[in-house]
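Here is a friendly briefing to read alongside the model. Keep the viewer open and follow the topics one by one.

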Amino acid sequence: FEKKPMISFSFGFCVNLQYLFVTLRDITVLPCGHTIHLGCVKEMEKHHRYSCPVCSKSICDMSSLWKKLDQVIASTPMPESYRNKMVWVLCNVCGVNSQVQFHVVAHKCLSCNSYNTRQIQGTLIIPHVLQESLRW
């Protein structure tokens, strides 16, 4: 018995606030259950946006990109001062909080191996140029 996502009509509006129930444009249901205009999805894809604009869950299989990110991270060493920094991330795919090693490229969920995460606590990295401008 597979649990299916509940269909949510995002209060009946697409992200661009056009009412979905009376639209003449094609709509689609994302894997998370949110609805969106098909044209909006295609526009998002043109701009390399592959997450639901309502809940941030991935809208397609991202495993090939996650493998590429694994390679990029492996080939991008962090400066010594950041090698042991840890941060907390929330996974937008599975909803699990994980404490992971900080990396400037991305943070991987320890539960589902997704990089569709957001940092929720931990080291705040301020670029060097900004640090200089913040000094009094």
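A pocket here is an open set of grid points with protein on both sides within 12 Å along at least five of seven lines, and its lining residues have an atom within 4 Å of a point. With that in hand, please note that the model is predicted. The protein has three helices and five strands, which follow one another as β-β-α-α-β-β-β-α along the sequence. Of its 136 residues, 29% count as buried. Among contacts between residues at least 6 apart in sequence, 38% join residues at least 24 apart.

**Pockets**

- The second largest pocket has a volume of about 150 Å³.
- Its lining consists of Ile-73, Thr-76, Pro-77, Met-78, Gln-101, Phe-102, His-103, Ala-106, His-107, Lys-108 and Tyr-115.
- Sorted by class, the lining of the second largest pocket holds six nonpolar, four polar and one charged residues.
- For the largest pocket, the volume comes to about 240 Å³.
- Fourteen is the count of residues around the largest pocket, and His-48, Arg-49, Tyr-50, Ser-51 and Asn-116 are those that lie nearest its centre.
- The lining of the largest pocket divides into seven nonpolar, six polar and one charged.

**Nonpolar core**

- In soluble globular proteins, nonpolar side chains tend to be buried together.
- In this model, the largest nonpolar core has eight residues: Leu-30, Cys-32, Ile-36, Cys-40, Val-41, Met-44, Cys-52 and Ile-59.
- Helix α1 (residues 38-46) supplies the largest share of this core, with three residues.
- Which residues does Cys-52 contact, once neighbours within four places in sequence are left aside? They are Leu-30, Cys-32, His-34, Lys-57 and Ile-59.
- Of these contacts of Cys-52, Leu-30, Cys-32 and Ile-59 are also members of the core.

**Strand β3 and its partners**

- Strand β3 (residues 86-91) has two faces: Val-87, Val-89 and Cys-91 are on the covered one, while Met-86, Trp-88 and Leu-90 are on the uncovered one.
- Strand β4 (residues 97-101) pairs with β3 in the antiparallel sense, over five bridges.
- Within that pairing, Val-87 has Val-100 of β4 as its bridge partner.
- The hairpin of β3 and β4 has five residues between the strands, and Gly-95 in this hairpin takes a positive phi near 80 degrees.
- Strand β5 (residues 117-122) also pairs with β3, in the antiparallel sense and over five bridges.
- Opposite Val-89 in β5 stands Gln-119.

**Cysteines in the loop between β4 and β5**

- Cys-109 is placed in the loop between β4 and β5, and Cys-112 lies in that loop as well.
- Is Cys-109 buried or exposed? Cys-109 counts as buried because its relative accessible area is 1%, and the cut-off for buried is under 20%.
- Cys-112 has 32% relative accessibility, so it counts as partly exposed.
- From C-alpha to C-alpha, Cys-109 and Cys-91 are 5.9 Å apart in space, although 18 residues apart in sequence.
- Not counting residues up to four places away in sequence, Cys-109 touches Cys-91, Cys-94, Ser-98, Ser-114 and Thr-117.
- With the same exclusion, Cys-112 touches Cys-91, Val-93 and Cys-94.
- Cys-91 and Cys-94 therefore appear in the contacts of Cys-109 and also in those of Cys-112, with Cys-91 belonging to the covered face of β3.
- The C-alpha atoms of Cys-112 and Gly-95 are separated by 9.6 Å, and the two residues are 17 residues apart along the chain.

**Positive phi outside glycine**

- Most residues other than glycine have a negative phi, and most peptide bonds are trans.
- Ser-56 is not a glycine, yet its phi is positive, at about 75 degrees.
- Where does Ser-56 lie? Ser-56 is in the loop between α1 and α2 (63-74).
- With 21% relative accessibility, Ser-56 counts as partly exposed.
- Asn-113 likewise has a positive phi, near 65 degrees, in a residue other than glycine.
- The loop between β4 and β5 holds Asn-113, which counts as partly exposed at 42% relative accessibility.

Methods:
Residues are numbered from 1 along each chain as its sequence is written. This is a predicted model: local features need pLDDT of at least 70, side-chain atom pairs count only at pLDDT 80 or more; totals for chains, interfaces and linings use all residues. Side-chain values use heavy atoms; hydrogens and water are left out. A nonpolar core is a set of buried Ala, Val, Leu, Ile, Met, Phe, Trp, Tyr and Cys residues joined through side-chain atoms within 4.5 Å. Buried means under 20% relative accessible area, exposed over 50%, partly exposed in between (1.4 Å probe, protein chains only). Helices (H or I, at least four residues) and strands (E, at least two) are DSSP runs, numbered from the N terminus. Contact means heavy atoms within 4.5 Å. Two strands pair if DSSP finds at least two bridges between them. On a 1 Å grid over the protein atoms alone, a cavity is a set of points where a 1.4 Å probe fits but cannot get out, and a pocket is an open set with protein on both sides within 12 Å along at least five of seven lines; lining residues have an atom within 4 Å of a point. Grid points are joined across faces, edges and corners, and a volume is the space filled by probe spheres set on the points. Ala, Val, Leu, Ile, Met, Phe, Trp, Tyr, Cys and Pro count as nonpolar, Asp, Glu, Lys and Arg as charged, and the others, Gly among them, as polar.
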